Amino acid sequence: MIASEKMVWALVVFALATGPGPVAEESGLAAFGELVVGEWQAEDSRHTFEWGVGRRVVRTKSYFKTEGTWELVSEGMWFWDDAEKTIRGVAVATGMPIELFEYHSRVQGDQVVHDLVAHGTMGGIYEERWRFADGEYRWALKDPTEGKEIMNGSYRRVDRGTPDGGP
């Protein structure tokens, strides 16, 4: 066996011995997923959150209702960043004043707190909070330097079996 082959085998043995890395339950992503996974709807917008591969990622899609039809406007994901010991997220959007969302998120009881860097015509640094209670979540977007609330709203949990079951 040549030296490079020995190195490859050593790396394989190391990878098998150390395992695949933190799963959602060990990382904090589980608490995030327990709050957000599902389908959420406001009057004219809808969000879906679902577990991805190995419960190591939460995938999301957002829709706006246009002329009675749900139109996909954003896709993203959250994952556990072991190096930073935080939940990170990224989403891209079309037809909005923000085209790229970069999140550093944490769960605090019944809410998710996001430090958000937004890119686009409404770009900037924000704090976004999602508070979950009684089958809905209320969100608020704040300017962290002034503490001023810029936007807010609420979404209720829905099922695909409802009359307006969405996408």
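**Exercise 1. Name the buried residues of helix 3, and state how far the helix is enclosed.**

Step 1. The buried residues of helix 3 are Leu-29, Ala-30, Phe-32, Gly-33, Leu-35 and Val-36. Buried here means under 20% relative accessible area, exposed means over 50%, and partly exposed lies in between (1.4 Å probe, protein chains only). Helices (H or I, at least four residues) and strands (E, at least two) are DSSP runs numbered from the N terminus.

Step 2. Helix 3 spans residues 29-36, and six of its eight residues are buried, so the helix is largely enclosed by the rest of the structure.

Step 3. Just after helix 3 comes Gly-38, with a positive phi of about 145 degrees.

The model is predicted: local features need pLDDT of at least 70 and side-chain atom pairs count only at pLDDT 80 or more, while totals for chains, interfaces and linings use all residues. Residues are numbered from 1 along each chain as its sequence is written, and side-chain values use heavy atoms, with hydrogens and water left out.

**Exercise 2. Describe the largest nonpolar core and find which element gives the largest share of it.**

Step 1. A nonpolar core is a set of buried Ala, Val, Leu, Ile, Met, Phe, Trp, Tyr and Cys residues joined through side-chain atoms within 4.5 Å. The largest one has 27 residues. Those with the most contacts inside this core are Phe-32, Val-36, Phe-49, Trp-130, Phe-132 and Tyr-137.

Step 2. Two or more core residues come from each of helix 3, strand 2, strand 4, strand 5, strand 6, strand 7 (111-119), strand 8 (124-133) and strand 9 (136-143).

Step 3. Helix 3 supplies the largest share, four residues.

Step 4. In soluble globular proteins, nonpolar side chains tend to be buried together.

Step 5. Tyr-137 also serves to trace contacts, meaning heavy atoms within 4.5 Å. Apart from neighbours within four places in sequence, Tyr-137 is in contact with Trp-40, His-47, Phe-49, Trp-130, Arg-131, Phe-132, Gly-153, Ser-154 and Tyr-155.

**Exercise 3. Place Ser-45 in the fold and list its contacts.**

Step 1. Ser-45 lies in strand 2, which covers residues 45-51.

Step 2. With a relative accessible area of 4%, Ser-45 is buried.

Step 3. Its side chain makes a polar contact of 2.5 Å with that of Tyr-155. A polar contact is a pair of N or O atoms within 3.5 Å; within protein, one must be able to donate a hydrogen and the other to accept it, and residues adjacent in sequence count only if both atoms are side-chain atoms.

Step 4. Leaving aside neighbours within four places in sequence, Ser-45 is in contact with Trp-40, Tyr-63, Phe-64, Trp-70 and Tyr-155.

**Exercise 4. Count the salt bridges and give the accessibility of the partners in three of them.**

Step 1. A salt bridge is a side-chain nitrogen of Lys or Arg within 4 Å of a carboxyl oxygen of Asp or Glu. By this rule there are eight.

Step 2. Side chains of opposite charge can pair when their charged atoms come close.

Step 3. Three of the pairs are set out below.

| Pair | N to O | Accessibility |
|---|---|---|
| Asp-81 and Arg-88 | 2.9 Å | Asp-81 buried, 10%; Arg-88 partly exposed, 28% |
| Asp-82 and Lys-85 | 2.9 Å | Asp-82 partly exposed, 38%; Lys-85 exposed, 54% |
| Asp-115 and Arg-106 | 3.1 Å | Asp-115 partly exposed, 35%; Arg-106 partly exposed, 32% |

**Exercise 5. Locate Pro-97, Arg-55 and Glu-67 in their loops.**

Step 1. Pro-97 sits in the loop between strand 5 (86-93) and strand 6 (100-108), and is partly exposed at 38%. Its C-alpha atom is separated by 5.1 Å from that of Thr-121, 24 residues apart along the chain. Not counting residues up to four places away in sequence, Pro-97 touches His-119, Gly-120, Thr-121 and Met-122.

Step 2. Arg-55 is in the loop between strand 2 and strand 3 (57-66). Its phi is near 55 degrees, a positive value in a residue other than glycine. Arg-55 is partly exposed at 31%.

Step 3. Glu-67 is in the loop between strand 3 and strand 4 (69-81). Although not a glycine, Glu-67 has a positive phi of about 50 degrees. Glu-67 is exposed, at 80%.

**Exercise 6. State the confidence of the model and where it is below 50.**

Step 1. pLDDT is the predictor's confidence in each residue, from 0 to 100. The protein has a mean pLDDT of 85, and 80% of its residues reach 70 or more.

Step 2. Residues 6-23 have pLDDT below 50; beyond near neighbours in sequence, this stretch has 10 contacts in the model.

Step 3. Where pLDDT is low, the predicted coordinates should not be read in detail.
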